[in-house]
Amino acid sequence: MSDFSEDLLRPRTEDDPEEMRVGSGSGMHFPWLQRLVESVATGGRKQKEFAQTTSACLSFIQEALLKHQWQRAAEYMHSYFQILEDSDSNKRQAAPEIIWKLGSEILYYHPKSSVETFSAFADRMKNIGVMNYLKISLQHALYLVHHGLLDDASRNLSQAETWRYGDKSASQEVLINLVQAYKGLLRYYTWSEKKVELSRLDQDDYAYSAASQSMLDHSWKTSTDFHSLIQVPGVWDPFVKSYVEMLEFYGDREGAREVLTNYAYDEKFPSNPNAHVYLYGFLKRGKAPREQLISVLKILYQIVPSHILMLEFHRLLRKSEREEHRKLGLEVLFGVLDFAGCTKNRTAWQYLAKCLRQTLTGNHLAWVLEQWTPRKSWWPGFHFSSFRARGDWTEDRALAHEKAFVAGTLLGRGCRYFRYISKQDHQALRKKMKRIKKLVKKYSIVNSGL
Amino acid sequence: MSSVCSGSLDGVEYSLRKAKGTVKMTVPGTLALCSLSLLWQREAITLSDLLRLVEEGHVPCVNAFQHFPEEMKLYGRDKGIFSVESWPTYEDIYRKMVEVATFLDLPRFPDITEDCYLHPNILCMKYLMEANLPDEMHNFTCQVVKMAGLGEVDFLTFDPIAKKKNTVKYDVQAVAVIVIVLKLLFLLDDNLEWSLSAVAETHNEENKEDKPWFDFRKWYHVVKKSFDEKKRKLEETRAKYVWKSEKPLYHSSIDRSVAYKRREMVVNLQKQFSMLVDSTPTVTRKSPSSFQFNWTGDADGTCFHGHSLQGALEKRGQSLTTRNALYWLSTQRFCRSYCKHVTTYEESNFSLSYQFILNFFSFLLRINVYFLHEEVSLIEKRLFKTKYSKAKKKSSRSRKVRK
């Protein structure tokens with residue numbers, strides 16, 4: 001009841017609460033009931049047709065966008081702008097963001113629009129309400145980058161960087177950092193272009209020192225741009241990569257290592273396999289000891305067992321002296337081949353074949369059984385079907401041979417794959433096949449009666 | 001009391017809750033007054049036509065204040081009165097007409113006689129043409145009008161003072177009569193109308209030179225296509241409707257600059273986007289017209305005005321009567337309690353043909369479907385008085401009616 005007394009004092013049309021529709025399920029229509037319920041929900045005022053037509057307009061715009069009818073979408077957009085004058089303050093405040101999203105989409109694709117129209121629209125929308133400024137500036141800059149206008153984008157971002165609005169700026173902190181970081185990224189791009197130029201110049205050339213000096217300036221400014229963003233937990237792959245590249249170029253290995261270890265190991269950051277990949281690459285370039293490389297890749301193995309780096313991981317583990325590393329190596333290989341990515345990877349199968357031979361020679365049948373037992377039910381159908389046999393033989397003979405060995409070892413000589421491959425009689429490969437048959441006879445775990 | 005003032009002298013007091021019995025003028029009220037004056041003059045325009053013209057923008061109602069002279073500044077409380085954000089509905093304006101007429105103590109209006117446009121016979125003719133139905137149906141509508149007593153001068157003339165139920169819904173009644181005639185001829189039970197149209201079709205195939213018999217199925221296809229298209233166009237036009245005026249209304253002098261700035265922003269954005277929009281001919285408004293559908297201009301075969309109703313009639317002795325001998329009532333029991341409406345409309349209770357007919361005609365008049373259904377039920381109540389007086393008895397849906 002308090003609503004009604006308030007209603008008397010303030011102007012009637014302001015601040016309409018949200019409308020509510022009474023669901024009409026079966027088609028039964030009590031017109032007076034519908035209206036009463038609606039008017040109770042809206043505090044005594046019935047739903048206006050303004051609200052109805054604007055929401056219909058919005059759905060027409062969305063439909064037109066889905067169907068790529070840019071002309072039609074622009075027509076409806078033209079009529080939709082009146083929502084900015086809506087007396088309902090909730091709708092009025094939510095309007096600029098909706099209009100920006102839809103309008104920028106239309107202007108991006110419409111054949112008649114140009115960079116000027118987009119820029120004019122972005123400039124207009126930036127200044128409606130304070131909270132949208134940074135977001136729109138960022139998207140505007142990305143649009144300019146997309147059209148190759150890097151300088152304009154850079155300028156835009158520098159302008160946006162200086163935005164502050166009293167206490168509201170705290171909530172937009174991350175956006176400001178993002179703006180700075182993108183500006184840094186653009187600067188990095190110019191820096192790397194200069195780097196390419198530099199590599200072509202002669203060291204004694206006058207231009208060399210000037211170019212390298214300007215590059216140094218750039219990089220210093222860029223590092224400040226990146227610095228604040230990287231502290232914030234998040235996924236910042238392109239920024240981190242560029243930053244590290246610059247640091248390495250100038251020999252600051254410590255700085256680079258710190259950034260990368262932070263990025264990969266700080267618990268506040270979301271789990272990101274790329275972080276570990278970058279760290280591994282960096283350590284490898286710096287010729288770090290094997291133990292360190294193994295520890296980095298172990299974490300990657302836990303996150304993404306199907307990663308292509310797992311093959312390198314296996315190589316490292318194989319060369320190690322510790323027994324648990326060798327066992328892990330076998331495990332890693334089986335893990336990689338669980339996924340479809342490496343089914344046709346010759347190296348993977350080569351490694352597996354060699355590893356099986358070594359393991360079985362070393363009397364570690366238990367290890368093999370431990371890996372094979374859970375996979376016994378589905379690996380034959382996944383890797384060793386006759387369809388696969390035919391495909392592998394036609395595509396890659398070496399692969400087929402390696403797989404045949406593995407199949408023979410794990411499933412016995414009677415398995416389909418082995419039989420198919422051994423039946424393929426080819427003059428040059430007959431010797432190889434004979435050898436494989438001998439080895440399988442020696443190593444097959446099926447024959448050992450377990 | 002808030003510090004918001006108003007541009008008019010008495011805006012603040014005017015918008016306070018009114019005492020019981022007083023009628024305060026509003027923009028819809030002004031529209032009702034216009035409608036009353038048109039009725040007094042017996043002009044050839046119905047309430048539904050008037051409201052349609054308002055929606056199309058030919059009659060100022062939404063943002064009428066834009067046409068006020070410069071000296072009249074509106075703000076504050078005036079905004080609530082003059083800012084219209086809904087199209088006036090038939091039922092609202094009709095109710096207001098009665099209210100205003102009673103308040104003004106108007107005498108009995110000039111008689112509505114048979115030669116007047118608002119007489120059901122003439123309105124029926126108009127709507128038959130607009131619905132692409134044969135002219136021959138006009139005989140039937142006149143008969144129904146006569147039998148239900150709808151054509152009496154006393155019934156039709158608006159008399160605010162008299163306590164009887166006022167009925168100035170001429171257009172709705174005329175359309176309801178047409179619906180009843182369709183039910184008489186074709187029963188509309190999703191069965192008979194299609195078998196009759198099969199008969200008409202075979203006859204038309206065999207006798208191509210004669211006047212074709214009216215084929216319900218063909219009529220349905222033609223009208224439905226046009227109707228769907230018009231409905232879709234209306235939805236699109238409505239979605240693009242511009243409610244806000246060029247002169248923004250604001251609450252107080254503090255808000256004035258904000259309101260004007262917002263308007264400027266909207267105009268600016270619209271200008272930016274108008275470059276993307278082709279200057280299509282749909283932007284230009286079409287001139288006001290009393291008809292929404294035009295069938296004679298189309299290619300041959302789609303105009304049913306000249307068709308004959310022979311397919312639905314047969315000779316019985318001396319007279320010509322309908323082949324269909326059955327009829328079903330739209331409402332069996334009327335509500336007698338204090339609610340405003342005497343019947344409800346639940347779609348699933350009725351045949352698809354009936355639903356289509358109702359939807360089509362209510363689109364024509366821009367009224368709600370249940371409103372038309374109610375009018376049909378009320379006229380049937382007058383026609384079949386005897387049946388209703390035996391309402392206590394258990395009754396089946398279709399009854400034989402002697403004509």
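1. Let me start with a cut-off that the first residue needs: a residue counts as buried under 20% relative accessible area, as exposed over 50%, and as partly exposed in between. B:L104 has a relative accessibility of 43%, so this leucine is partly exposed. Please keep in mind throughout that this is a predicted model.

2. Where does B:L104 lie? Its place is the loop of chain B that runs between α5 (90-103) and α6 (120-130). B:L104 also helps to make a nonpolar surface patch of about 340 Å², together with B:M25, B:L33 and B:F103.

3. Now to the charged pairs. Over all chains, a search of the whole structure turns up 41 salt bridges. The points below pick out a few of them.

4. One salt bridge is formed by B:E236 and A:R72, whose closest N and O atoms are 3.5 Å apart. This pair crosses between chains: B:E236 belongs to helix α11 (residues 216-239) of chain B, and A:R72 to helix α4 (residues 70-80) of chain A. Is B:E236 buried or exposed? Its relative accessible area is 17%, and B:E236 is therefore buried.

5. Within chain A, have a look at A:D225 and A:R187, which form a salt bridge with 3.0 Å between the closest N and O atoms. A:D225 sits in helix α10 (residues 206-231) and A:R187 in helix α9 (residues 173-200), so the salt bridge ties together parts of chain A that are 38 residues apart in sequence. Both partners, A:D225 and A:R187, are buried.

6. Helix α9 of chain A also holds A:K195, whose partner A:E245 lies in helix α11 (residues 237-249) of chain A; the two residues are 50 apart and link distant parts of the chain. Their side chains meet in a salt bridge at 3.1 Å, N to O. A:K195 counts as partly exposed because its relative accessibility is 24%. A:E245 is partly exposed too, with a relative accessible area of 29%.

7. Chain B offers a network for you to inspect. Which residues are joined in it? Salt bridges with shared partners connect B:D49, B:R52, B:E56, B:K126 and B:E130 into one network.

8. Finally, a polar contact. B:T157 is found in the loop between α8 (153-156) and α9 (170-186) of chain B. At 3% relative accessibility, this threonine, B:T157, is buried. A polar atom of the B:T157 side chain lies 2.7 Å from the backbone oxygen of B:V153.

Terms used. Residues numbered from 1 in each chain as written. Chains lettered and ligands numbered in written order. Predicted model: local features only at pLDDT ≥ 70, side-chain atom pairs only at ≥ 80, totals over all residues. Heavy atoms only, no water. Patch = residues over 30% accessible without salt bridge, like charges linked within 9 Å, V, L, I, M, F, W, Y side chains within 5 Å. Areas by Shrake-Rupley, 256 points an atom, 1.4 Å probe, with all protein chains shown as cover. Salt bridge = Lys/Arg side-chain N within 4 Å of Asp/Glu carboxyl O. Helix = DSSP H or I, 4+ residues; strand = E, 2+ residues; numbered from the N terminus. Buried < 20%, exposed > 50% of the residue type's maximum accessible area, 1.4 Å probe, protein only. Polar contact = N/O pair within 3.5 Å; in protein donor to acceptor, adjacent residues only side chain to side chain.
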